[in-house]
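Reader: Hello! I'd like a close look at just one part of this model, the largest pocket, and then at how its walls fit into the rest of the fold. Please take me through it slowly.

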Amino acid sequence: MVAADDAGRTSDIAGKLGVEPGMVVQELGWDEDVDEAVRDAAEERAGDELLDEDAVEVVDLVLMWWREGDGDLVDALVDAIGPLADNGVIWVLTPKTGRPGHVDPSEIAEAAPTAGLAQTSNITVSEGWTGSRLVAPKAAKTRR
């Protein structure tokens, strides 16, 4: 349960991420260091629990917690694209600069086009995490 004074703050997180009621949201890369307020806000706004990496449904939005040392980002993004709806969004959530597991923004900028995605924006998601919004390029959408 979210306290009344926290409700505005957490729903702002979901709004920043573009989570809308009824959206199917998948979470990848969960570990004990993730920001639970971000997860809770996404679930509250979507109106359902986050799907894990084993889900087979078509998803509207992916929250991918990613840290330095998690593996190959291009491979992870390609895997995340599989169940993604045509107009879906992938948020790569990384620890902020100076925190354990920080990922250089250039790594995301280089991995996105290799995986067939375009980076559209970067935001501060919470005190410890930043987010990079990735989508399928518009040119790819018009060819479908």
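**The largest pocket and its walls**

Author: Happy to. Four elements, α1 (4-17), β2, β3 and β4, each give at least two residues to the lining of the largest pocket. Please keep in mind that this is a predicted model. Among the contributors, β3 supplies the largest share of the lining, with 4 residues. In total, 13 residues line the pocket, and its volume is about 170 Å³. Sorted by class, the lining consists of 6 nonpolar, 4 polar and 3 charged residues.

If you want to find the middle of the pocket on your screen, look for Gly 18, Met 23, Leu 61, Val 89 and Arg 133, the lining residues that lie nearest its centre. Val 89 is a handy one to follow outwards. Val 89 has Val 135 as its bridge partner in β5. That pair belongs to the contact between β3 (residues 84-95) and β5 (residues 129-135), two antiparallel strands joined by 7 bridges.

From there you can step back to the sheet. Its 5 strands are arranged in the order β1-β2-β3-β5-β4, as an open sheet with mixed pairing. β1 (25-28) and β4 (118-124) each have a single partner strand, so they stand at the edges, with one side of each left without a neighbour in the sheet. On average, neighbouring strands are turned by 20° against each other, direction ignored. So where does helix α3 pack? Helix α3 (residues 73-81) packs on this sheet and touches β1, β2 (59-65), β3 and β5. The direction of α3 makes about 145° with that of β3. Helix α4 (residues 105-114) lies across β3, β4 and β5 and runs at about 20° to β5. In other words, β3, which gives the largest share of the pocket lining, is touched by α3 and is also one of the strands that α4 lies across.

Now for the whole chain. It holds 5 helices and 5 strands, which follow one another in the pattern α-β-α-β-α-β-α-β-β-α. Of its 144 residues, 41% count as buried. Among contacts with a separation of 6 or more, 72% are between residues 24 or more positions apart. The pocket gives you a local view of such a fold, with α1, β2, β3 and β4 each supplying at least two residues to its lining.

Note on methods: Residues numbered from 1 in each chain as written. Predicted model: local features only at pLDDT ≥ 70, side-chain atom pairs only at ≥ 80, totals over all residues. Heavy atoms only, no water. Pairing = 2+ DSSP bridges. Axes fitted to C-alpha atoms, helices over the stretch in contact; angles between N-to-C directions. Contact = heavy atoms within 4.5 Å. 1 Å grid on protein atoms, 1.4 Å probe; cavity = no way out; pocket = protein on both sides within 12 Å on 5 of 7 lines; lining within 4 Å. Points joined across faces, edges and corners; volume = space filled by probe spheres on them. Nonpolar A, V, L, I, M, F, W, Y, C, P; charged D, E, K, R; others polar. Buried < 20%, exposed > 50% of the residue type's maximum accessible area, 1.4 Å probe, protein only.
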